[in-house]
Amino acid sequence: EGPAVHFNIGVAAFRSGQLERAESAFREVARTPAMAGLANYNLGLVLLKRGEPEQARRHFELASQDSDERLAGLARRQLGELPAPEPPVTWSLYARTGAGYDDNVALRSESIDTAGTGEDDAFAELLFAGNARFAGRWRIDAAAGWLKYADLDEFDQGAFSVGGARIFEPGNWHVEVGAYGNYLTLGGDVYEQSAAASARATRNFSTGQRLQAQVRLTAVDGEGDFSGLTGSRTELGVRYEWSWQAWNFSAHTRGEINHADDEVFASRWAELGGSAEYALDTRWSLTGGATLRQTRHPAQPEADIEESWKDKRLTLRLGAIAKYWKQAQLFIRYEHERNDSPIDFYEYDRNWIAASVEAWY
């Protein structure tokens, strides 16, 4: 029953792959002060074998303080080979502020006489986003954004989101499974609250390529004049990124099914898109992209639209990025949008430009 007997049992169990039995034996040995250092060193080896490096670190640190210099040296060597410990909480922050001009705020055809139709206005934008990662595998996310028009206050927008995710890393994949609450305003009034569950899987390849897939399920609660939004949304998406010399490319496909109590808000859409960025030098780069989306709307007898129809929307984007600061940049963006629809009310053109400063930490 002596500690030496338990130590031998632990060594034999470790060599034969019985890690739980080995751990139990070495913990029994650790109760004897004269052999505690040796027991902690071997407990560290057991926990390393079990894929628990942070737990192993704690026992190697105890062994490194032993009076036996040879044993302490072996423990210090093991500590040196372990990856650096993760801090208890890691923070990531992003902020963007800027101003721009929109020549068709309401996204309506100039041939339709409705409030806001064809009106242009200047706007200011402000966006904050951040997350905190803790316990290695958990993350809390939060974001808030505002879009404020100079004159058309009824189109001012606000968006708020908070949620969390659990991170998994099976094989070469990085997987995040999370849940989020969202809160949207228009003209200062809440028009939508929603709760979403999402899963995203990412794989980075040694050649610098990246593949990402995402699914998101959302329960929607429409408010006030937008109570007809109440229903559900299902979104799927895949994105692929790669580089070549001074170029960075991306291609994506997305789709969404919107089930709403009011068919005016119901739709199904799918899109294809791509973008490219070219680094002119260490500071300046140019970006461009295009997205084509096809949206199917259901028939709406109450709106005198007796048959379903499809819209096709083409969006073209151009931009320039100036990186004059280590953790900030100037981003100038121009966007042209053309929505072709057999329903005059939904057909429009739009031009939009903005200059923003982005910063991150």
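This is a short walk through three helices and their surroundings in a predicted model.

**Stop 1: the first helix pair.** Select residues 3–15 for helix α1 and residues 19–29 for helix α2. Their axes lie 8 Å apart, and the packing angle is about 160°. Angles over 145 degrees count as roughly antiparallel, so that is how α1 runs relative to α2. Turn the view and you will find that α1 passes α2 in a left-handed crossing.

**Stop 2: the contact between them.** Show side chains next. On the α1 side, pick Pro3, His6, Phe7, Ile9, Gly10, Val11, Ala13 and Phe14. Their partners in α2 are Leu19, Arg21, Ala22, Ala25, Phe26, Glu28 and Val29. Colour the contact by residue class and it splits into 11 nonpolar, 2 polar and 2 charged residues.

**Stop 3: helix α3.** Now move to residues 36–49. What span should you expect from the 14 residues of this helix? At 1.5 Å a residue the answer is 20 Å, and the end C-alpha atoms are indeed 20 Å apart, so the two agree.

Is α3 mostly covered or mostly open? Mostly covered: 10 of its 14 residues are buried. To highlight them, select Ala36, Gly37, Ala39, Asn40, Tyr41, Asn42, Leu43, Gly44, Val46 and Leu47.

**Stop 4: what covers α3.** Keep those residues highlighted and bring back the neighbours. The cover over the buried residues of α3 includes α1 and α2 from the earlier stops, along with α4 (53–63) and α5 (69–81).

**Last stop: Gly51.** Step just past the end of α3 and click on Gly51, where phi is positive, at about 75°.

How values were computed. Residues numbered from 1 in each chain as written. Predicted model: local features only at pLDDT ≥ 70, side-chain atom pairs only at ≥ 80, totals over all residues. Heavy atoms only, no water. Axes fitted to C-alpha atoms, helices over the stretch in contact; angles between N-to-C directions. Helix = DSSP H or I, 4+ residues; strand = E, 2+ residues; numbered from the N terminus. Parallel < 35°, antiparallel > 145°, perpendicular 65-115°, else oblique. Left-handed = near helix turned anticlockwise from the far one by under 90°. Contact = heavy atoms within 4.5 Å. Nonpolar A, V, L, I, M, F, W, Y, C, P; charged D, E, K, R; others polar. Expected span 1.5 Å × (residues − 1). Buried < 20%, exposed > 50% of the residue type's maximum accessible area, 1.4 Å probe, protein only.
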